[in-house]
Amino acid sequence: MTTVRSRAGRAGRPGSGTGLTLAVLSAATFGTSGAFASSLIDAGWSPAAAVITRIALAALVLTVPAVLQLRGRWSLLRRGAGQAAAYGLVAVAGCQLFYFNAIERMPVGVALLLEYLGAVLVVGWLWLRHGQRPRRLTVIGAAAAIAGLAMVLDLGGSARIDPIGVMWGLLAAVGLALYFLLGAAVDEEPLPPIVMAWAGMCVGAAALAALGWAGVLPVTATTGNVGFLGHQVSWVVPTLGLSLVAAAFAYVAGIGAARRLGAKLASFVGMAEVLFAILFAWLLLGQLPSAVQFLGGAFILAGVTLVRVDELNTAPAAGRRESPAHVPELVDAQTGRRPSELRDGSDGQIGD
């Protein structure tokens with residue numbers, strides 16, 4: 001918790017403007033993943049094949065900067081191997097696989113809105129596991145998000161949502177919640193963020209490739225042209241976009257934002273990914289949720305925003321209560337000197 005509070009304090013530094021720019025760029029590039037993946041899936045790629053390609057190529061791109069950060073500090077990777085493995089299996093591979101399975105059965109925007117219910121699951125886990133009871137603002141936010149989910153599903157509307165797609169979307173929400181929880185579980189000397197992302201991608205890609213080789217996951221891909229932006233293009237175009245733009249660049253920008261803004265504020269700005277995903281799905285794929293579903297998305301975003309704002313307001317208040325720096329030191333009435341000066345025998349002057 002101390003590490004989280006100290007990073008949050010960085011938001012007010014001069015570099016916060018750069019951090020905000022990086023956070024928005026990260027959200028925008030992450031938001032393109034659904035559009036790139038849908039073009040591959042529609043051409044016959046299985047979700048597992050798209051995820052493996054995305055993670056493996058992104059890990060390859062991040063290898064050089066990760067090795068440079070680990071130079072002379074390989075013991076960090078050995079100590080953090082367990083956390084990196086869990087991060088790669090659940091937060092990277094699992095979350096993306098669930099999400100890609102969801103967009104195979106429903107529009108990208110709806111699937112992403114379901115996935116971002118993971119922020120509400122984080123609040124529930126912290127309450128049940130760590131006794132951090134949510135305050136009124138968080139409760140209101142959770143209620144708004146649940147109401148938004150009901151509108152997104154639009155059970156009484158003309159557009160029927162595939163229940164299997166809903167299940168995959170909710171599993172992606174669980175993966176997103178674990179992404180935040182595992183990312184926040186830092187020790188005194190954690191893995192550098194780029195190394196954590198690179199190691200997690202390596203583990204995730206290897207695990208999914210092994211499952212595909214064993215026949216547990218269907219891994220199919222084609223090398224023919226795919227439909228993208230209303231044109232037939234080579235499969236390499238969306239593959240590179242999915243790996244370089246929506247993975248490697250998005251993770252690097254997100255890491256830079258988190259270092260400048262702190263994890264909480266960066267994740268709050270990262271909620272803009274939902275809006276970017278809907279925008280890109282509309283512009284690139286012609287997918288736009290119905291009016292009721294769009295309103296439900298606004299409710300979910302409002303609920304997640306309230307939850308994040310409550311967390312941001314709680315941390316500074318806790319820091320003020322815990323820090324003794326706000327308590328002025330009393331001055332002795334007779335000598336005019338502070339107790340610390342009397343204890344160390346100093347005369348209150350500078351110098352020897």
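At which residue does helix α6 bend, and by about how many degrees? Keep that question in mind as you select residues 81–103, and remember throughout that the model you are looking at is predicted.

**Stop one: helix α6**

With residues 81–103 selected, you have the 23 residues of helix α6 on the screen. Now pick out G94, because this is the place that answers the opening question: α6 bends there by about 35 degrees, where the bend is the angle between axes fitted to the seven residues ending at a residue and the seven starting there. You can also check the length of the helix, since at 1.5 Å a residue α6 should span 33 Å, and its end C-alpha atoms are 31 Å apart, which agrees. While α6 is still selected, add C95, which is buried, with a relative accessible area of 6%.

**Stop two: the cysteines**

Next, select C202, which at 34% relative accessibility counts as partly exposed, whereas C95 is buried. In general, a disulfide is a covalent bond between the sulfur atoms of two cysteines. If you search for such bonds here, you should find none, as the structure holds zero disulfides.

**Stop three: the loop between α6 and α7**

Move on to R105 and show its side chain together with that of D162, for these two residues form a salt bridge in which the closest N and O atoms are 3.0 Å apart. R105 lies in the loop between α6 and α7 (108–115), while D162 lies in the loop between α9 (136–153) and α10 (163–184), so the pair ties together parts that are 57 residues apart in sequence. Both partners are partly exposed, R105 with a relative accessible area of 43% and D162 with one of 24%. The count of salt bridges in the structure comes to one.

Stay with this loop and select P107, which also lies between α6 and α7 and is partly exposed, with a relative accessible area of 31%. Then add L288, and you will see that the C-alpha atoms of P107 and L288 are separated by 7.7 Å, although the two residues are 181 residues apart along the chain.

**Stop four: the start of helix α15**

Another pair of this kind can be found by selecting A291, which belongs to helix α15 (residues 291–322). A291 is exposed, with a relative accessible area of 67%. Its C-alpha atom and that of V152 are separated by 9.5 Å, while the two residues are 139 residues apart along the chain.

**Stop five: helix α3**

Is helix α3 mostly buried or mostly exposed? Select residues 33–42 and turn on a surface for the rest of the model: nine of the ten residues of α3 are buried, so this helix is largely enclosed by the rest of the structure. Among the buried residues of α3 are F36, L40 and I41, as well as G34 and S38. Just after α3, select G44, which takes a positive phi of about 115 degrees.

**Stop six: a nonpolar patch**

Finally, show the surface and select L57, L60, V61, V236, L240, L244 and V245, which together make a nonpolar surface patch of about 520 Å². The elements that give two or more residues to this patch are α4 (47–70) and α12 (236–261), and α12 gives the most, with four residues. One residue to click on is L240, which lies in α12 and is partly exposed, with a relative accessible area of 39%.

How values were computed
Residues are numbered from 1 along each chain as its sequence is written. This is a predicted model: local features need pLDDT of at least 70, side-chain atom pairs count only at pLDDT 80 or more; totals for chains, interfaces and linings use all residues. Side-chain values use heavy atoms; hydrogens and water are left out. A disulfide is a pair of cysteine sulfur atoms within 2.5 Å. Buried means under 20% relative accessible area, exposed over 50%, partly exposed in between (1.4 Å probe, protein chains only). Patches are made of residues with over 30% relative accessible area and no salt bridge: like charges are joined within 9 Å, nonpolar side chains (Val, Leu, Ile, Met, Phe, Trp, Tyr) within 5 Å. Accessible areas come from the Shrake-Rupley method with a 1.4 Å probe; for residues, only the protein chains shown count as cover. A salt bridge is a side-chain nitrogen of Lys or Arg within 4 Å of a carboxyl oxygen of Asp or Glu. The expected span of a helix is 1.5 Å times one less than its number of residues.
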